[in-house]
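Trainee: Could you walk me through this structure, please?
Mentor: Gladly; let us look at it together.

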Amino acid sequence: MHYAALASGSKGNCHAFCDGERALLLDAGLSLKQVRLRMEAVGLDPRTIRAVALTHEHSDHIGAVAVLLRNTDWVFLVTPETKAAVERIHGIQIPDRRWVPLRAGFAVDWCGWRVHPFTLPHDASDPVAYRLEVQGFNAAVVTDLGHPTALVADYCQDLDLLVLEANHDVDMLRDGEYPPLLKARILSRVGHLSNVSMAELLANVLSPRLRTVVMAHLSEQNNDPELVRVVAAEVLQGWQTSLYLAHQRDPLRPRAPEPLVAS
Ligand SMILES: [Zn+2]
Ligand SMILES: [Zn+2]
């Protein structure tokens, strides 16, 4: 199973999973042109893309949906509530033949992949994150959540790959330039995940199996990549887990993990 973070952050989000034959995108916050360029840049074939699964209707996750609907034949995996919100925002209609309806808490089979959408605490109509199980490989992409819940931790057990939000440092956000209302929104229980909350969730999902962790949706104003590295590395100390940071402008493709060595 191949994974790449094509873009991650408040200006656009898109993750790619590919089993060699077919690829699924998570979120559509990146232009079609950039999806193709960035997949090629990391050695994945954009012609294998068959579908895009949406998490929620915030613009950094759905900006390209109208173009994808017009210019590709990809299907959309999305819950009815988020679909309705996306259609309203973009003034479009996703036809039934292009729609795989999802419901949080219920797995669907997509081309032999198990796709598990699960509920997140975030201020959108029906926000979900995804756990994917493909040929014995388990991955989850968890961003845009205000706090770590037991449900989220449950869905993040026994993973090979975890992509997890590390949005902000609480002090940097509090002392920063954002308007008070926006600060309050981000800090709320349905806002974004702080570095401290990220560490708490990460500590609850560690296992020898978890070999790759990607920090995602970092705020450019309210976080510092080096700080994220330090906070996450402290949690990962003693585990044979590789740590990566996803970027807004450049795609990231983590290396395949080395075989485990006894310690
Ligand atoms: Zn977002
Ligand atoms: Zn959001």
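**Two helices and a sheet**

Mentor: Let us start here: α8 passes α9 in a right-handed crossing, meaning that the near helix is turned clockwise from the far one by less than a right angle. This is a predicted model, where local features need pLDDT of at least 70 and side-chain atom pairs count only at pLDDT 80 or more, while totals for chains, interfaces and linings use all residues. Residues are numbered from 1 along each chain as its sequence is written, and chains are lettered from A and ligands numbered from 1 in the order in which they are written.

Trainee: At roughly what angle do the axes of α8 and α9 cross?
Mentor: Helices here are DSSP runs of H or I with at least four residues, and strands are runs of E with at least two, numbered from the N terminus. Axes are lines fitted to C-alpha atoms, for helices over the stretch in contact, with angles from 0 to 180 degrees between N-to-C directions. The axes of α8 (residues 195-205) and α9 (residues 225-236) come within 9 Å, and they cross at roughly 25°.

Trainee: Why is α8 called roughly parallel to α9?
Mentor: Angles under 35 degrees count as roughly parallel. The crossing of roughly 25° therefore makes α8, relative to α9, roughly parallel.

Trainee: Which strands stand at the edges of the sheet?
Mentor: The open sheet has 6 strands in the order β1-β2-β3-β4-β5-β6, with mixed pairing; two strands pair if DSSP finds at least two bridges between them. One side of each edge strand lacks a neighbour because each has a single partner strand, and these are β1 (2-7) and β6 (99-101).

Trainee: Which residue in β3 stands opposite A16?
Mentor: Strands β2 (residues 14-18) and β3 (residues 23-26) pair in the antiparallel sense over 4 bridges. Opposite A16, in β3, stands L25.

Note on methods:
Parallel < 35°, antiparallel > 145°, perpendicular 65-115°, else oblique.
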